[in-house]
Structures are given as C-alpha cells and as structure tokens.
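Here are a few short exercises to work through with the model open beside you. Try each task before reading its solution.

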Amino acid sequence: MGGEIGVESIVGQGSTFWIKLPQVASPLERHQSSLKPSHRATIRRHEAKTVLYIEDNFSNLKLIERIMTQRPDLKLLSAMQGNSGWSSHANIVPISSCSI
C-alpha cells in the first residue's frame, strides 16, 4: 500500500514506533471529482424536491448539509428543534418522517 512502519529502541530509555502512510483523497473528494458538472447545471432550483431535516446534534446537521450540497435535485431546509422546524416550515407536506 506504499506505507512504512518502524521502531527505534534504546535499551533503558524506551522505544518509538512510527508509521508513514501516503496521503489520499477523502471519500468526499473522490465523490466530488466523479460528478459531472453538466449534470449539476441541468437541474433547476424550482425542480428540486424539498427535504426538511430536523436534528439536535450540530455535527450531524453540518454533515447532512455538506452531503446535500452534492444533490442539486434536493433542496434542504434544516432546524435544530422539532417544534421550531415544523412551525417555520408549516407549508411543507411530509411524505415520511423518521425519529431515532
């Protein structure tokens, strides 16, 4: 895989273990590079379906927001509290909901 692993040891002083790995593109970068720019340009905003995502964990919310940028066919609305999410987007008619 192109990496190295090693150890340096001095009696009575201790050991140092090390590993070197080649830098590779993240899964997100690989996915982004596989998208065709022409596909993204052909989808108009008014044709997008709407997703209402209510999440009280900020890290999860940011992850979904980042993932959804790769889906120009979907419009993301988000909120961190259930009641405020539903009331601020009352015009949305859900086709399904999930609570975990």
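Accessible areas here come from the Shrake-Rupley method with a 1.4 Å probe. The model is a predicted one.

**Exercise 1. How much area does the protein expose, and what share of it do carbon and sulfur atoms supply?**

Solution. Begin with the total: the protein exposes about 8600 Å². Then take the share by atom type: carbon and sulfur atoms supply 56% of that area. Finish with burial: of the 100 residues in the protein, 12% are buried.

**Exercise 2. Which pattern does the protein follow along the sequence?**

Solution. Start by counting elements: there are four helices and four strands. Next, put them in sequence order, which gives β-β-α-α-β-α-β-α. Then turn to contacts with a separation of 6 or more: 48% of them are accounted for by residues 24 or more positions apart.

**Exercise 3. Is Leu21 buried or exposed?**

Solution. First locate Leu21: it sits in the loop between strand 2 (14-20) and helix 1 (27-34). Now apply the cut-off: exposed means over 50% relative accessible area. Leu21 has 65% relative accessibility, so it counts as exposed. Finally, look at its partners: Leu21 joins Ile5 and Ile19 in a nonpolar surface patch, and together they have about 380 Å² of accessible area.

**Exercise 4. Is Gln70 buried or exposed?**

Solution. Find Gln70 in the loop between helix 3 (58-68) and strand 4 (74-79). The cut-off for buried is under 20% relative accessible area. Because its relative accessible area is 11%, Gln70 is buried. As a last step, check its side chain, which makes a polar contact with the side chain of Thr69 (3.3 Å).

Technical notes
Residues numbered from 1 in each chain as written. Predicted model: local features only at pLDDT ≥ 70, side-chain atom pairs only at ≥ 80, totals over all residues. Heavy atoms only, no water. Patch = residues over 30% accessible without salt bridge, like charges linked within 9 Å, V, L, I, M, F, W, Y side chains within 5 Å. Salt bridge = Lys/Arg side-chain N within 4 Å of Asp/Glu carboxyl O. Helix = DSSP H or I, 4+ residues; strand = E, 2+ residues; numbered from the N terminus. Buried < 20%, exposed > 50% of the residue type's maximum accessible area, 1.4 Å probe, protein only. Polar contact = N/O pair within 3.5 Å; in protein donor to acceptor, adjacent residues only side chain to side chain. Contact = heavy atoms within 4.5 Å.
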